[in-house]
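Let's take a walk through this structure together, one part after another. Have the sequence and the 3D view at hand as you read.

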Amino acid sequence: MILFVCTGNTCRSPMAAVLAEKLLSEAGLDCAVQSAGIAASAECAASTHAVTVMREEGCNLLSHRSRRVTAELLSQAKLVLAMTKGHRSGVVSICPNAADKTFTLCEYVGSGQDIPDPFGGGYDVYRECAAQIKSLLALCIKKIKETGL
């Protein structure tokens with residue numbers, strides 16, 4: 001299972017998870033995908049703009065409900081992809097044993113940048129964030145196909 005992690009689990013990580021599910025399926029890869037947040041409140045819906053932008057990508061976030069990252073969830077993941085270095089640090093503080101399988105999405109594909117939080121921004125900010133995540137996921141899936149998970 002690949003676990004995507006952000007702050008509140010209402011924007012970046014749910015978008016990354018549903019996009020990854022779609023792209024993995026299109027690549028013929030069978031891999032479970034989940035998302036969670038370092039500081040997530042339980043059972044919050046995905047943000048309105050995230051739902052809209054993902055619908056345009058052919059993905060559905062309507063049933064998404066946020067959840068907090070736990071040590072149990074981290075132990076189940078084969079790969080943990082965080083949206084920022086701060087999220088990666090948060091993951092490791094929750095579960096030190098997850099350090100070797102935790103990266104930022106950018107680091108995993110060879111870039112050191114963080115993915116900016118679109119929370120509170122307008123549609124265009126979410127669209128830009130989704131485009132960045134999607135391009136990074138394409139590289140991520142290529143790497144997974146080449147090296148395995």
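Four strands form an open sheet in this predicted model, and they line up in the order E2-E1-E3-E4 with parallel pairing. As background, the strands of a sheet are held to one another by backbone hydrogen bonds, in either a parallel or an antiparallel arrangement. Here strand E2 (33–37) and strand E4 (102–104) are at the edges; each has a single partner strand, so one side of each has no neighbour in the sheet. On average, neighbouring strands of this sheet are turned by 25° against each other, direction ignored.

Now look at one pair of strands. Strand E1 (residues 2–6) joins E2 in the parallel sense through five bridges, and Leu3 has Gln34 in E2 as its bridge partner. Helix H4 (residues 85–94) packs on the sheet, where it touches E1, strand E3 (79–82) and E4. The direction of H4 makes about 165° with that of E4.

Next comes the interior. The largest nonpolar core contains 36 residues, and Phe4, Met15, Met54, Leu105 and Ile133 have the most contacts inside it. At least two residues of this core come from each of E1, H1, H2, E3, helix H5 (105–108) and H6. H6 gives the largest share, with nine residues. To get a feel for the surroundings of Phe4, follow its contacts beyond four places in sequence: among them are Ser13, Ala16, Val33, Gln34, Leu81 and Leu137. There is also a second, separate core of twelve residues, including Val5, Leu74, Val91 and Ala98.

Helix H2 (residues 48–56) is a good place to go from here. Its residues Ala50, Val51, Val53 and Met54 are buried, and the buried residues of H2 pack against helix H1 (12–26) and helix H6 (123–147). Just after H2, Gly58 adopts a positive phi of about 85°.

Our last stop is Ser66, in the loop between H2 and helix H3 (71–76). Is Ser66 buried or exposed? Buried means under 20% relative accessible area, and Ser66 has a relative accessibility of 1%, so it counts as buried. A polar atom of the Ser66 side chain lies 2.4 Å from the backbone oxygen of Ser41. Leaving aside neighbours within four places in sequence, Ser66 is in contact with Gly8, Asn9 and Thr10, and also with Ala40, Ser41, Ala42, Glu43 and Cys44.

Terms used:
Residues are numbered from 1 along each chain as its sequence is written. This is a predicted model: local features need pLDDT of at least 70, side-chain atom pairs count only at pLDDT 80 or more; totals for chains, interfaces and linings use all residues. Side-chain values use heavy atoms; hydrogens and water are left out. Buried means under 20% relative accessible area, exposed over 50%, partly exposed in between (1.4 Å probe, protein chains only). Contact means heavy atoms within 4.5 Å. Two strands pair if DSSP finds at least two bridges between them. Axes are lines fitted to C-alpha atoms, for helices over the stretch in contact, and angles run from 0 to 180 degrees between N-to-C directions. A nonpolar core is a set of buried Ala, Val, Leu, Ile, Met, Phe, Trp, Tyr and Cys residues joined through side-chain atoms within 4.5 Å. A polar contact is a pair of N or O atoms within 3.5 Å; within protein, one must be able to donate a hydrogen and the other to accept it, and residues adjacent in sequence count only if both atoms are side-chain atoms.
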